[in-house]
Amino acid sequence: MHFSSEQRFDDDVVERAFTLGEIPGILWTPAALSPGSAPAPLILIGHPPLGLGRMYPRLAGRARHYVAEYGFAAATIELPGCGERPRWAAAEQARADLRRAMARESGGPVGGEIIDALILPLVDRAVPEWQAALDELLALPGIGGPVGYEGGVISIGVRLAVVEPRIVAAGLFAGSLVPAAVFEEARRVTIPLHVLLQWDDEGNDRQAALDLFDAFGSREKTLHANLGGHTGVPQFELDTGARFFARHLTGEPR
């Protein structure tokens, strides 16, 4: 892991850009974090495949809240084929097929083959990269876990919750482009879950999101449904999610 830049904000949050091989990423930590301080729990922040540059304002806002208000460390990495990473021909074709299908169906259900082609290869590539980043992040001074995962492509979150034992809680954003195979994986998820659903999300099938929530095998799972479209998540939900992580990463109710 190579750090390439660092900046400190007025809220005593330090942001550092890094690369892990060809993978760009960003780490946010408390300014007071040091080898002698208590290890900070870590939250991995996922995002949709739109590129870190485009997503930065939303990612940084969430990360800085977690760090400044709760003392967590937070990190994100660029998804395969996105941002400045090399183009991925199969992913580009799958996205084009999805756009054509959505135009043809006028917002109706998209075929499972198209969803599988778009999502499953992304999950297969992204999850090992998240695990490699986690190896490096937990080796840094002052970061010791436990680890939470939040946001991003929900299928990536499902797979990580199944295969990565260091992740002890997840906050997921409901979406309907979920392969049937991921529904089966969801039954194997056992960690606590906090799931957000925008009730009027024009790009997602509400019933599919509800069916996925029902499929999760976790004994503790909470669904927060709010009126509004895809980008209309209420601001108070940021703190609700942070309190969820505080409870499960530090054992302290907030």
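## Residue His194

In this predicted model, His194 lies in strand E8, which covers residues 193-198. The relative accessibility of His194 is 6%, and the residue therefore counts as buried, the cut-off for that class being under 20% relative accessible area.

Which residues does His194 touch, not counting those up to four places away in sequence? On the lower-numbered side, the partners are Ala170, Gly171 and Leu172. The remaining contacts of His194 are with Thr222, His224, Glu237, Thr240, Gly241 and Phe244.

## Packing of helices H3 and H4

Helix H3 is formed by residues 112-138 and helix H4 by residues 154-163. The two helices pack with their axes 9 Å apart, at an angle of about 50 degrees. H3 and H4 are therefore oblique to each other, since an angle of this kind falls outside the ranges set for roughly parallel (under 35 degrees), roughly perpendicular (65 to 115) and roughly antiparallel (over 145) arrangements. Their crossing is right-handed.

On the H3 side, the contact is made by Ile119, Leu122, Val123, Asp124, Ala126, Val127, Trp130 and Gln131. H4 contributes Ser155, Ile156, Arg159, Leu160 and Val163. Sorted by class, the contact of H3 with H4 comprises 9 nonpolar, 2 polar and 2 charged residues.

## Surroundings of helix H4

How many of the 10 residues of H4 are buried? The count is 9, and the helix is accordingly described as mostly covered. The buried residues of H4 are Ile154, Ser155, Ile156, Gly157, Val158, Arg159, Leu160, Ala161 and Val162. Among them, Ser155, Ile156, Arg159 and Leu160 also take part in the contact with H3.

H3 is one of several elements against which the buried residues of H4 pack. The others are two strands, E6 (143-151) and E7 (167-173), and two helices, H5 (180-186) and H6 (206-215).

## Overall architecture

The protein contains 7 helices and 9 strands. Its radius of gyration is 18 Å, close to the 18 Å that the globule rule gives for 254 residues, so the protein is as compact as a globular protein of that length. The C-alpha trace spans about 55 × 40 × 30 Å along its principal axes.

Buried residues account for 50% of the 254 residues; His194 is one that counts as buried. Of the contacts between residues at least 6 apart in sequence, 68% join residues at least 24 apart.

Key:
Residues numbered from 1 in each chain as written. Predicted model: local features only at pLDDT ≥ 70, side-chain atom pairs only at ≥ 80, totals over all residues. Heavy atoms only, no water. Axes fitted to C-alpha atoms, helices over the stretch in contact; angles between N-to-C directions. Helix = DSSP H or I, 4+ residues; strand = E, 2+ residues; numbered from the N terminus. Left-handed = near helix turned anticlockwise from the far one by under 90°. Contact = heavy atoms within 4.5 Å. Nonpolar A, V, L, I, M, F, W, Y, C, P; charged D, E, K, R; others polar. Buried < 20%, exposed > 50% of the residue type's maximum accessible area, 1.4 Å probe, protein only. Rg over C-alpha atoms; globule rule 2.2 N^0.38 Å.
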